[in-house]
Amino acid sequence: MNERISLSIIDFQENYGDRGAIDTAASLGINKVDFELYSNSADKEGNIYSLGKDAVREYYSDVFEYAKGKGVKIVQTHGRLIGYGITPERDEVFVKDAELDCIATEALGAKYSVFHTPAHNHVGDLPAERMLEIGVSLFSIVLPFAKEHGIKIAAETHGTASKYNKMEFFGI
């Protein structure tokens, strides 16, 4: 039986870089991974996202081939965590980065990208209606990018909702 072992390699990526993380996963017998993208941003000078769509597609296509050669499949990515619904300036960067996350996810051969819902600890203790409005706006922007790139978006919360006794996405 060919069992598959999966792990989030976010910490490996932070410590060893993308290829080093894949090497580490492969050496541990891990053959499916959750790949981190959220540390990238078009606003970070010298970051792959600052180089544009073609550079992102090329870089992550190379990472895909590298992982494939190591017997590691990237099954999902972790896209945006925070940054939407805080200020118009951050929203603008979030939208650019979200599109690049979808491009990178497609290039990595993953079917899913995790996006975190707006969190009370980042946007404040807002009324339920406003939280819902922010969440709907976020996913209304991101879902067309996902569709264009043939991926699905998985919504995840930050886990801080209990502090406010509310659900983060719906605000209730």
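At what angle do helix 2 and helix 3 pack, and how far apart are their axes? In this predicted model, helix 2 and helix 3 pack at an angle of about 30 degrees, and their axes lie 8 Å apart. Angles under 35 degrees count as roughly parallel, and helix 2 is therefore roughly parallel to helix 3. The crossing of these two helices is right-handed.

The residues that form this contact can be named on each side. Helix 2 contributes Lys53, Val56, Arg57, Tyr60, Ser61 and Phe64, which meet Glu99, Leu100, Ile103, Ala104 and Ala107 of helix 3. By class, the contact of helix 2 with helix 3 comprises seven nonpolar residues, one polar residue and three charged residues.

Helix 2 also packs against helix 1. Helix 1 spans residues 10–27 and helix 2 spans residues 53–69; the angle between them is about 15 degrees, with their axes 10 Å apart. Helix 1 and helix 2 are therefore roughly parallel to each other, and their crossing is right-handed. On the helix 1 side the contact involves Asp18, Arg19, Ile22 and Asp23, while helix 2 supplies Tyr59, Tyr60, Asp62, Val63, Tyr66 and Ala67. This contact of helix 1 with helix 2 holds six nonpolar and four charged residues, with no polar residues. Tyr60 of helix 2 thus takes part in the contact with helix 1 and also in the contact with helix 3.

On helix 3, attention turns to a further partner, helix 5. Helix 3 (residues 88–107) and helix 5 (residues 128–148) pack at an angle of about 30 degrees, and 9 Å separates their axes. That angle makes helix 3 roughly parallel to helix 5. Helix 3 passes helix 5 in a right-handed crossing. Phe94, Val95, Ala98, Glu99 and Cys102 of helix 3 make the contact with Leu138, Ile141, Val142, Phe145 and Ala146 of helix 5. Nine residues of this contact are nonpolar, one is charged and none is polar. Glu99 of helix 3 appears here, in the contact with helix 5, as well as in the contact with helix 2.

Beyond the helix contacts, the structure holds one cavity of 30 Å³ or more. About 60 Å³ of space lies in the largest cavity. Its lining is made up of 13 residues, and those nearest the centre of the cavity are Ile82, Gly83, Tyr84, Pro118 and Ala119. The lining of the largest cavity divides into eight nonpolar and five polar residues, with no charged residues.

Key
Residues numbered from 1 in each chain as written. Predicted model: local features only at pLDDT ≥ 70, side-chain atom pairs only at ≥ 80, totals over all residues. Heavy atoms only, no water. Axes fitted to C-alpha atoms, helices over the stretch in contact; angles between N-to-C directions. Helix = DSSP H or I, 4+ residues; strand = E, 2+ residues; numbered from the N terminus. Parallel < 35°, antiparallel > 145°, perpendicular 65-115°, else oblique. Left-handed = near helix turned anticlockwise from the far one by under 90°. Contact = heavy atoms within 4.5 Å. Nonpolar A, V, L, I, M, F, W, Y, C, P; charged D, E, K, R; others polar. 1 Å grid on protein atoms, 1.4 Å probe; cavity = no way out; pocket = protein on both sides within 12 Å on 5 of 7 lines; lining within 4 Å. Points joined across faces, edges and corners; volume = space filled by probe spheres on them.
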